[in-house]
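These are my notebook entries on a single protein chain. I looked up its helices, strands, cores and salt bridges in turn.

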Amino acid sequence: IYMLDSFKVNRQKYYTDIVQEIKSCSYRNKRYSLNFSIAIALVSGQINLNSFSGYKRKSDKFIVLEDHLACLILEGTDSDSAIRATSKLHNQFQLENFNKKIFIAVVTASDYTDDNAMIHSLFNLLVYAAENNMDNLVIDKDQIPGK
């Protein structure tokens, strides 16, 4: 899959971009124990991902990393609420782009010791979802066998 190959090649760039975007959330998480989550979506084909930023919660941050890749930073969420919020965006995506595949992964800060581990896990989940054709699902670490 071209989009997955492109993701793997540019993984370090995306990592750097996401680290920059979560700095304030990460600080609040360490200082005040305010949890946050990150969702990432990889889409087959070209669509205007910016159009989905209007469907997020006001407290969330939507970042388009590439034409086929977007990230959502969800403040004040645990695993369940992050999956619910991401699923709402996913449902809107399906309504508007029913013929496109989308792979989505979610991680929550409270499940990880640091940002580095969290983002690498997020990327590994996304690759796993794409390689196993788990499109149109929002996956987290609990849906991966043996994890």
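**Entry 1: the surroundings of helix α4**

I began with what covers the buried residues of α4, and found that the cover includes β1, β3, β4 and β5. I note here that the model is a predicted one.

Which residues of α4 are buried? I listed Ser-81, Ala-82, Ala-85, Thr-86, Leu-89, His-90, Gln-92 and Phe-93. I recalled that an α-helix has 3.6 residues a turn, so residues three or four places apart point the same way.

I then looked up the dimensions of α4. This helix covers residues 79-96, which makes 18 residues. From its first C-alpha to its last it reaches 26 Å, close to the 26 Å expected at 1.5 Å a residue.

**Entry 2: strand β4**

I turned next to β4, one of the elements that cover α4. Is β4 enclosed or open? I found that 7 of its 7 residues are buried, so the strand is largely enclosed by the rest of the structure.

I also looked up the two faces separately. On one side of β4 the buried residues are Ile-102, Ile-104, Val-106 and Thr-108. On the other side Phe-103, Ala-105 and Val-107 are buried, and both faces are thus recorded as covered. The general pattern is that in a regular strand the side chains alternate between the two faces of the sheet.

Which strands pair with β4? The strand β1 runs antiparallel to β4 and is joined to it by 7 bridges. Opposite Ile-102 of β4 I found Val-43. The strand β5, residues 138-139, pairs with β4 in the parallel sense over 2 bridges. In that pairing Ile-104 has Val-138 of β5 as its bridge partner.

I noted the handedness as well: β4, α5 and β5 make a left-handed β-α-β unit.

**Entry 3: Val-106**

I chose one residue of β4 to examine, namely Val-106. Its relative accessibility is 3%, and because buried means under 20%, Val-106 counts as buried.

What is Val-106 in contact with, leaving aside its neighbours within four places in sequence? I found contacts with residues including Ser-37, Ile-38, Ala-39, Ala-82 and Thr-86. Leu-122, Leu-125, Val-138, Ile-139, Asp-140 and Lys-141 are also among its contacts. Val-106 and Ile-139 are 33 residues apart in sequence, yet their C-alpha atoms are 6.2 Å apart in space.

**Entry 4: the nonpolar cores**

I looked up the largest nonpolar core and found 34 residues in it. Ile-18, Ile-38, Ile-40 and Phe-123 touch the most other members. At least two residues of this core come from each of α1, α2, β1, β2, β3, β4 and α5. The largest share, 9 residues, is supplied by α5.

Which residues does Ile-18 touch, not counting those up to four places away in sequence? They are Ile-38, Ile-40, Leu-65, Cys-71, Ile-119 and Phe-123.

Apart from the largest core lies another, of 17 residues. Among its members I noted Ala-39, Leu-74, Ala-85 and Val-106. As a general remark, in soluble globular proteins nonpolar side chains tend to be buried together.

**Entry 5: the salt bridges**

How many salt bridges are there? The count comes to 7, and I looked up three of them.

Glu-21 forms a salt bridge with Lys-61, and their closest N and O atoms are 3.4 Å apart. Glu-21 lies in helix α2 and Lys-61 in strand β2, so this pair ties together parts that are 40 residues apart in sequence. Both residues are partly exposed: Glu-21 has a relative accessible area of 29%, and Lys-61 has one of 34%.

Glu-75 forms a salt bridge with Arg-28, with the closest N and O atoms 2.7 Å apart. This pair links distant parts of the chain, since Glu-75 is in strand β3 and Arg-28 in helix α3, 47 residues apart. Glu-75 is partly exposed at 29% relative accessible area, and Arg-28 is partly exposed at 25%.

Asp-142 forms a salt bridge with Lys-141, the closest N and O atoms being 3.3 Å apart. Asp-142 counts as exposed at 57% relative accessibility, whereas Lys-141 counts as partly exposed at 29%. I closed the entry with the network of salt bridges that links Asp-111, Lys-141 and Asp-142.

Conventions: Residues numbered from 1 in each chain as written. Predicted model: local features only at pLDDT ≥ 70, side-chain atom pairs only at ≥ 80, totals over all residues. Heavy atoms only, no water. Core = buried A, V, L, I, M, F, W, Y, C linked by side-chain atoms within 4.5 Å. Buried < 20%, exposed > 50% of the residue type's maximum accessible area, 1.4 Å probe, protein only. Helix = DSSP H or I, 4+ residues; strand = E, 2+ residues; numbered from the N terminus. Contact = heavy atoms within 4.5 Å. Pairing = 2+ DSSP bridges. Right-handed = clockwise from strand over helix to strand, strands pointing away. Salt bridge = Lys/Arg side-chain N within 4 Å of Asp/Glu carboxyl O. Expected span 1.5 Å × (residues − 1).
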